[in-house]
Amino acid sequence: REFNVAVVGATGAVGRMMIRVLEERNFPVKNLRLFASERSRGLKLPFRGEEIPVEVLSETRSFSGIDIALFSAGGSRSLEYAPRFAADGAVVVDNSSAWRMDPEVPLVVPEVNPHAVAGYKNKGIIANPNCSTIQMVVPLKPLHDYGRIKRIVVATYQAVSGAGQKAIEELSAQTRAWCAGEELPPAQVIAHQIAFNCVPHIDVFLENAYTREEMKMVNETRKIMEDDSIRVTATCVRVPVFYGHAEAVNLETERKITPEKARELLSNFPGVVVRDDPENRVYPLQIEVAGRDEVFVGRIREDESVECGLNLWIVADNLRKGAATNAVQIAEILAREYL
Ligand code: A2P
């Protein structure tokens, strides 16, 4: 069976990748509809050799006939339009943070909690987790099943593409100006100059002095792993990288996991690639994993400061596994098992 699919926010960094991943994975698309803002009026985007016109979301009266809608147009669009698409019969897979912590909305990473997809029946909405959370929970799942993770301490090194198309242009423009010896254009999307700099500020600051990005990693990890006892603390940092997030992750487990055991568990887990041969300078790098759909793990070593601790370096393409690929994988489960 084939499905009528919509991409909402089709012109954005994630939306364009969603279209590409649908094509690459041969998703059974009957008809594809694309939506964006009035700024994209008249634009056409390629899909399977055809040029598909972009429709203006706010001018569309009915969304009937759509089976699956992939949303990545920001939280306020998701809050307003996801229920409207659902009322018109679609199942929405939403990449924004708007619905993620709603107890009636499943938050799904297919390698970790595919069974949760069934919860789409509540509201017709499934939430796609935060990019940094997705790439962390995939390799942590087999480690948790084996040794029970008690606590996670993570610091992220996140690419500008996670902040959207304008942030990609911001890093380019600042870098070009710096190389030309010109004055840098002012920071607009990112809080400070991002060229040749790291900025420990992603999303907004909350009352507890953490950023919302950091608290997403805390709360979403527990929901996806279905274990509220896991303690998580995060520091999220924007770095001058275009594509790919990296994470330094420290784990404390109940049962000892040796680095050898961790490598074995990770190598056998779907969606994970172990790249861990430091003698030969082999470890995951953002520039090398960009364009890949798997999560890469290296620098696997014992945390010698505690009884049962492990350190990992986890890298993935934030627009792919961190966003578009994960959303399309959820759609594949819907198509295969539910619709
Ligand atoms: P547009 O390109 O027309 O502004 P990014 O995260 O890369 O900035 O992308 C955001 C996506 O969300 C874009 O596709 C953008 O469309 C879309 N978008 C933003 N605001 C609206 C809106 N009010 N209605 C529909 N789509 C929107």
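These legends accompany several close-up views of a predicted model.

**Figure 1. Two phenylalanines, F3 and F27, meet as a tilted aromatic pair.** Let us begin with the rings, since the structure holds 10 aromatic pairs. In the pair shown here, the ring centres of F3 and F27 are 6.3 Å apart and the planes make an angle of 45°. The contact links distant parts of the chain: F3 belongs to strand β1 (residues 3–8), while F27 sits in the loop between α1 (13–24) and β2 (29–36), 24 residues apart. F3 has a relative accessible area of 2%, so this residue counts as buried. F27 is buried as well, with a relative accessible area of 2%.

**Figure 2. F35 and F85 form an edge-to-face pair.** Here the ring centres of F35 and F85 are 5.8 Å apart, and the planes stand at 85°; pairs over 60 degrees count as edge-to-face, so this one belongs to that class. Strand β2 supplies F35 and helix α2 (residues 75–87) supplies F85, so that the pair links parts of the chain 50 residues apart. Are these two phenylalanines buried or exposed? F35 is buried at a relative accessible area of 0%, and F85 is buried, also with a value of 0%. Stepping back a little, ring pairs join F35, F63, F71, Y81 and F85 into a cluster.

**Figure 3. An arginine lies over the face of a tyrosine.** The residues to look for are R255 and Y146. R255 is placed over the ring of Y146, at 3.9 Å from the ring centre.

**Figure 4. Six strands make up an open, mixed sheet.** Following the sheet across, you meet the strands in the order β9-β8-β10-β13-β12-β11. Which strands stand at the edges? They are β9 (231–235) and β11 (272–274); each has a single partner strand, so one side of each is left without a neighbour in the sheet. From one strand to the next, the twist averages 25°.

**Figure 5. β12 has β13 and β11 as partners.** Strand β12 (residues 295–302) is joined by five bridges to strand β13 (residues 309–316), and the two run antiparallel. Together β12 and β13 form a hairpin, with six residues between them. Two places to find in this view are R301, which stands opposite N311 in β13, and G298, which stands opposite W313 in that strand. With β11, by contrast, β12 runs parallel, and three bridges join the two strands. V273 has F296 in β12 as its bridge partner.

**Figure 6. Helices α6 and α7 pack against the strands.** Helix α6 (residues 212–225) lies across β8 (149–157), β9 and β10 (245–253), and runs at about 150° to β9. Helix α7 (residues 259–267) packs on the sheet and touches β11, β12 and β13. The direction of α7 makes about 165° with that of β12.

**Figure 7. K321 and E111 share a salt bridge between buried residues.** The structure holds 23 salt bridges, and this view shows one of them, with a distance of 2.8 Å from N to O. Its partners come from distant parts of the chain, 210 residues apart: K321 is in helix α9 (residues 320–338), and E111 is in the loop between β6 (91–94) and α3 (120–123). K321 has a relative accessibility of 1% and counts as buried. E111 is also buried, at 16%, because the cut-off for that class is under 20%.

**Figure 8. K141 and D145 pair within a helix.** The closest N and O atoms of this salt bridge are 3.3 Å apart. K141 and D145 are four residues apart in helix α4 (residues 131–147), so about one helical turn separates them.

**Figure 9. K256 and E302 form a salt bridge between partly exposed residues.** In this pair the closest N and O atoms are 2.8 Å apart. K256 lies in the loop between β10 and α7, E302 lies in strand β12, and 46 residues separate them along the chain. K256 is partly exposed at 33% relative accessibility, and E302 is partly exposed at 36%. Elsewhere, salt bridges that share partners join R20, E24, D293 and R320 into one network.

Key: Residues numbered from 1 in each chain as written. Predicted model: local features only at pLDDT ≥ 70, side-chain atom pairs only at ≥ 80, totals over all residues. Heavy atoms only, no water. Phe/Tyr/Trp six-rings, centres within 6.5 Å; stacked < 30°, edge-to-face > 60°. Buried < 20%, exposed > 50% of the residue type's maximum accessible area, 1.4 Å probe, protein only. Lys NZ or Arg CZ within 6 Å of the ring centre and 35° of its normal. Pairing = 2+ DSSP bridges. Axes fitted to C-alpha atoms, helices over the stretch in contact; angles between N-to-C directions. Contact = heavy atoms within 4.5 Å. Salt bridge = Lys/Arg side-chain N within 4 Å of Asp/Glu carboxyl O.
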